[in-house]
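This briefing is meant to be read alongside the sequence and the structure. Please keep both in view while working through the points.

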Amino acid sequence: MSRRAAAALGLVVVVLAGLDGLAFLSGAEHHGGFWNSVPLGDLALGALGAGLLAWFARRVLKPLLSRPESYYDGAGSP
Amino acid sequence: MMLVLLHPAFWLFIGLVIVFANRRRMPGMPVGVIVALGAVLALMRAVEGSLETTVAGFRLVWFQADRLSLLFSLVFAIVALLGFLYGSHRMRAGETAAALLYAGSAIATVLAGDWITFFVFWEAMALSSVALIWQGGTAGARRAGMRYLLVHGAGGALLFAGIVLHLAGGGETSLGGLVSGSPPFWLILGAVAINAAIPPLHAWLTDAYPEASTSGSVFLSAFTTKTAVYALLRLFPGTEVLVPLGAAMALYGVVFAVIENDIRRLLGYHIVSQVGYMVAAVGIGTPLALNGAASHAFSHILYKALLFMGAGAAIEATGLRRLSDLGGISRHMRFAVAMYAVGALSISGAPLFNGFISKSMIVSAAGEEHLLWTELLLVLAAVGTFLSVGLKLPWFAFFGERRGVAVRPLPTNLLAAMGIGGALCLLYGLFPNLLYSRLPYLATYAPYTLDHVVSSAQLLLATGFVFYLARKKLTPSPGLALDTDWLYRVPLARMIAAATRALAAVGPVARTLRGETVTRLDNAARRLAAPGAPPRRRASFAFRAPIGWTVLFAAAAVVITWVVVWLRNPG
């Protein structure tokens, strides 16, 4: 990641954290799970969730279920 | 006659007759566009009410309009119009006829007010969707259509058995009135679960939808699963078992989508995932959740059609359908990519797009009912949706490494349909009350709160960041991923093949069965299991054999049902 992209990302995170804090301080009603009431909780959940899904799909599911395109050709042959 | 003209599906059925009568003289597509527009206009003016007639002693309520059925039938008509416009440069009379019957049957199903009308159009929808898959015109489309027919034949048998038991048990002919936990309840729920593609009964969808033509996929993405969602809303609201099923379904689809290489199969897994939200919402059963399911079905039909149009645009332009073959084509089809992005942001629940105003309603409903795990799974599914539909697919198909793929210009009608679809996704996202004012249940919801918007933005940003870091590891590779269709494509097919060989080996039975019949069954089993395998002899009959099985299953279910009914009420 370039330095400029990292800076832009940092800026967006700061803005989101500020808005999160604003929502928290304004007493806005938080819907649902605990991650909604923790500042930047959704950001953490998103990163964790995306990382977990990508890891599970690539490292567990793909080795287990992946087959060649021609897998079903002749699969039912006596 | 006036009463008949009031039925919106009538427009599409008239179109079907016109297309069929003039199949050699005129292209079907302008007829499709005109009659779908007629259905949209009819539905925009439709009011609540019902029309019925009595046939052979049965009271048939063939038009029952309330807020729920009007909402579904309106969006069905809109997507039919978009589908016909999208495909108007290539659809032949046969495909147009199948699409007209499919769309008309879907509208007639959600407007049906009695079990018999509901069943007739439900099955017409199944048969016409098979015809639409076959119009894909490839050997893969024909075989996937056969497997689709087999699964939906079993679903139809379940529905029929459930309806017969319900009526024989003294139930009303009017739609509804199922006793929770009774045999008809479970049979009909099973049939609806097949059409809703609830895992493990979902593989027909990801198997067949990618095999249809590009315009056929647009129609297929809209009707079958959403008619099932309508049936769940109408017949099974508050059925608790649907909550975990729906939440698991939402996650199941996105996990498989992450490893999928075929762009339309990837989108098919996201139909499974998004319908999971609706199924969970129906199970939650509060007015907010049920409105969430209805509005998410409405939104989903629009953005999913747009996504399939985007995937179809890539296929039309390049002739390629796998992510591992595509890449670097965005500068040749900027408008189509922009409209795909609208669909991707909509399905990901990004603020300002229509998915946000409906998906957040379901997640909030789960939160209000303190269903923590359900809410968590739905949020993770939203993350996975953005990861694969919003980032992986466009990155590897449209951007990413240039592979020197030749790109043909896209026809204007295709781009126009995508433009209208994208505009509708934005319109409903920006002005949610356009949709909320049509919802069937009494519940208020405000999507654009600071909390909701910041939450959603954080989830999307974090997902984007993870994709940026892991994009090389997510590079798609050729191959397929086994799913539950493996069960009937390999072990079941082998069992049938083994059984036919065993039958052929014994005495007089062998003489009867040996020869052509055995070959036919054997070929049918081979075709079910092995799409590429040549038949032993007389391919044409082997191709037809699964129809026979389907009829056999249906007939067996009918006979068993009647026996059960007779045993319960011998008099």
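What follows describes a predicted model, taking up first the contact between its chains and then the make-up of chain B.

In this model, 55 residues of chain B are in contact with 48 residues of chain A, and the area buried between chain B and chain A is about 4,400 Å². Chain B itself has 571 residues, of which 62% count as buried, and its secondary structure comes to 25 helices and three strands.

**Extent of the interface**

- Carbon and sulfur atoms give 69% of the area of about 4,400 Å² that is buried between chain B and chain A.
- In chain B, Asp451(B), Gln458(B) and Leu480(B) lose the most area to chain A, and together these residues make up 15% of what that side buries.

**Polar links between the chains**

- Between chain B and chain A the count is one salt bridge, and the side chains of Arg322(B) and Glu69(A) meet in a salt bridge with an N to O distance of 3.0 Å.
- Polar contacts between chain B and chain A come to 10 residue pairs, with both residues at pLDDT 80 or more.

**Elements of chain B that touch chain A**

- The elements that each supply at least two residues to the side of chain B touching chain A are the helices α12 (242–259), α16 (354–368), α17 (372–397), α20 (450–470), α21 (486–489), α22 (491–504) and α24 (516–529), together with β3 (480–481).
- Of these, α20(B) gives the most to that side, with 14 residues.
- By residue type, the side of chain B that touches chain A divides into 32 nonpolar, 12 polar and 11 charged residues.

**Strand pairing across the interface**

- Strand β1 of chain A, which covers residues 66–67, pairs with β3(B) in the antiparallel sense over two bridges.
- Within this pairing, Ser66(A) stands opposite Ala481(B), a residue of β3(B).

**Inside chain B**

- Among the contacts in chain B with a separation of 6 or more, 79% are accounted for by residues 24 or more positions apart.
- Strand β1 (residues 49–55) and strand β2 (residues 58–65) of chain B run antiparallel and are joined by seven bridges, with Leu51(B) standing opposite Phe63(B) in β2(B).
- The hairpin of β1(B) and β2(B) has two residues between the strands, and in this hairpin Ala56(B) takes a positive phi near 50°.

Note on methods: Residues are numbered from 1 along each chain as its sequence is written. Chains are lettered from A and ligands numbered from 1 in the order in which they are written. This is a predicted model: local features need pLDDT of at least 70, side-chain atom pairs count only at pLDDT 80 or more; totals for chains, interfaces and linings use all residues. Side-chain values use heavy atoms; hydrogens and water are left out. Contact means heavy atoms within 4.5 Å. Buried area is the accessible area (1.4 Å probe) that two parts lose on being put together, summed over both. A salt bridge is a side-chain nitrogen of Lys or Arg within 4 Å of a carboxyl oxygen of Asp or Glu. A polar contact is a pair of N or O atoms within 3.5 Å; within protein, one must be able to donate a hydrogen and the other to accept it, and residues adjacent in sequence count only if both atoms are side-chain atoms. Helices (H or I, at least four residues) and strands (E, at least two) are DSSP runs, numbered from the N terminus. Ala, Val, Leu, Ile, Met, Phe, Trp, Tyr, Cys and Pro count as nonpolar, Asp, Glu, Lys and Arg as charged, and the others, Gly among them, as polar. Two strands pair if DSSP finds at least two bridges between them. Buried means under 20% relative accessible area, exposed over 50%, partly exposed in between (1.4 Å probe, protein chains only).
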